Amino acid sequence: MVGAKSIMLEPDLLKSALEAGPDAVIISDHSDAIVFANRQVMALFGYEPEETVGAGVELLLPERLPPQHTIHRHDVLASPQARPMGPELQLHGRRKDGSEFPVEIRLSPIPEAGLTTVVIRDVTDRKRVEAELVSAREEAKRASLAKSRFLATASHDLRQPLQTISLLNGTLHRLVSDEQASAAIAQQQQAIDAMSRLLGGLLDISKLESGTIRPDITDFTVVTLFEQMRLEFASLAASKGLQLRIESCTECVHSDHSLVEQILRNLVSNAIKYTRQGCVWMRCLQESVRIRIEVLDTGIGIPADQMPYIYDEFYQVNGTTLAREGYGLGLSIVQRLVKLLGLELDARSEVGRGSVFSLLLPAAAKSVRSAGTVCGRTAVREAPLTRAHVLLVEDDPAVRGATRTLLAVEGYRVTAVASLREALQAAQQSEAIDLVIADYHLDGETGMQVIAALREALDKRVKAILLTGDTSSFIRDIPEDSQLRIASKPINADELIDLLTAFLSPERALTGSSDLP
Ligand code: ADP
């Protein structure tokens, strides 16, 4: 070093330097005998100075350690540079009273003197804090898992009664003609819908947290997503006097179709919710190997200081909730989905002018230009298929009763049973079955098993609707089947009747079945 003067340290000066540090220091000779021990050695190990000098290094180390220590020490002497005996070795010191404590050791050889300096640090406190941190993290993990399990169970168990209430409400709506009663029923339906939305959000969060959602990555056209959004949101936008604009696009992306659809659904729903006038539009831009899908609105906007929080669970920007339409879950679901799919999302917003949410996805390697098919619910309900015979398999008595009542009110003949055994009996005893509706989670069996057994017993691929609350994991394993529809619970009365009507209608047109009026 320029200007630095190297000095020979006096032995006394050297000794005080060795005593000054917070660590225990010993110097050992070539035979591992201790030739010097500082005061901290006494404090740490409980020996008097004369008890250590002359003793072997092993005095301070538990019996199980010396061989390893010796090997390491000889390595050190062979390549003389200071080095720690790493934390991975889990070293322990041994006090005079035989008790052990965790230590970290640093060896510095002094080759010209044939000596080694051994610096020993007591890491009891650090190890305890580390252990506390590990246990706190484990505890937090357990609590988070328990919360997810509780959420999943609670949401699942709430879905059945909610399904019952919703179907009964739909039945009442069909039976009651009194104006005031109808208004009350309509309000009740709004409350049920709000509850369904909250439940759906909680279920989505719990499924995403539990890691049960496995993305199914394929190539698909953006236009299929846009058309689906048009189908779902055109009438809602129109009812608020908003223009819903969808720019034409031919881009194809590579991701999970239904999960990306769910991201867009939440973004478009927010855009409509937080826009009082003007328009909401969707567009798609190619950016080299990525596709940018944008949802833009001319809505109330989000203050800059609130932007970092909008993805938090249950967070709502003060004063923006126009009605109790949301619960602050939509964007937190969006963010989790974006993370799960490895996509990117960014948002820009200006209060009073509007917001832009952009989703960046990988472009598909090869172009899939066909528009694809969009399966939406039929907007126009056809006349009910009076007297078509439905076999309903549902083990929850309340849901079974409510579904049977609704179908009967709509003019269907219904046989309602609780299990596979009863379903097979009914198939033998009653007249021809036009359609099976089966819940997926039955007591000890699945709706798919019921449908398969019934088709075998009836010797025909009878049409079937599978109702399920769990739309994620198993559905992808169900083989392609044009005679099967899958509907998620809770399903409201209108949705169920629309589905039945659309599903049964083509057959009526084709066969002109004598069962029909
Ligand atoms: P919510 O269910 O309340 O809509 P979200 O998690 O979807 O919850 O959104 C969180 C908050 O972000 C909303 O309460 C709203 O204040 C704000 N926000 C989200 N999207 C928009 C938008 N397009 N325009 C204005 N504010 C928005």
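Helices and strands are taken here as DSSP runs, numbered from the N terminus. With that naming in hand, the predicted model can be followed through a few backbone details, one side chain and one helix.

A good place to begin is the loop between β20 (484-488) and α13 (493-511), which holds proline 490. The peptide bond that leads into this proline from lysine 489 is cis, with omega near -5°. Most peptide bonds, by contrast, are trans, and most residues other than glycine have a negative phi.

Two residues go against the second of these trends. Aspartate 32, in the loop between β1 (24-28) and β2 (34-37), is not a glycine, yet has a positive phi of about 70°. Phenylalanine 314 is likewise a residue other than glycine with a positive phi, here near 60°, and it belongs to the loop that joins β11 (290-297) and α9 (330-341). Are these two residues buried or exposed, or something in between? Aspartate 32 counts as buried because its relative accessible area is 6%, under the 20% cut-off. Phenylalanine 314, with a relative accessible area of 48%, is partly exposed, as this value falls between the 20% and 50% limits.

Glutamine 40 offers a pleasing view of a side chain meeting the backbone. The residue is part of helix α2 (residues 39-45). A polar atom of its side chain lies 2.5 Å from the backbone oxygen of glycine 21, and the backbone oxygen of glutamate 19 is 3.2 Å from a polar atom of the glutamine 40 side chain. Beyond its neighbours within four places in sequence, glutamine 40 is in contact with Glu19, Gly21, Pro22, Asp23 and Ala24.

Helix α6 (residues 179-210) rewards a look from end to end. Its 32 residues reach 46 Å from the first C-alpha to the last, close to the 46 Å expected at 1.5 Å a residue. At the N-terminal end, aspartate 178 acts as a cap: one of its side-chain oxygens lies 3.1 Å from the backbone nitrogen of glutamine 180. Just after the helix, glycine 211 takes a positive phi of about 75°.

Between these ends, the buried residues of α6 include Ile185, Gln189, Ile192, Leu199, Leu202 and Leu203. Ser206 and Lys207 are also among the buried residues of the helix. An α-helix has 3.6 residues a turn, so residues three or four places apart point the same way. The cover over the buried residues of α6 includes α5 (124-175) and α9.

Key. Residues are numbered from 1 along each chain as its sequence is written. This is a predicted model: local features need pLDDT of at least 70, side-chain atom pairs count only at pLDDT 80 or more; totals for chains, interfaces and linings use all residues. Side-chain values use heavy atoms; hydrogens and water are left out. Helices (H or I, at least four residues) and strands (E, at least two) are DSSP runs, numbered from the N terminus. Buried means under 20% relative accessible area, exposed over 50%, partly exposed in between (1.4 Å probe, protein chains only). A polar contact is a pair of N or O atoms within 3.5 Å; within protein, one must be able to donate a hydrogen and the other to accept it, and residues adjacent in sequence count only if both atoms are side-chain atoms. Contact means heavy atoms within 4.5 Å. The expected span of a helix is 1.5 Å times one less than its number of residues.
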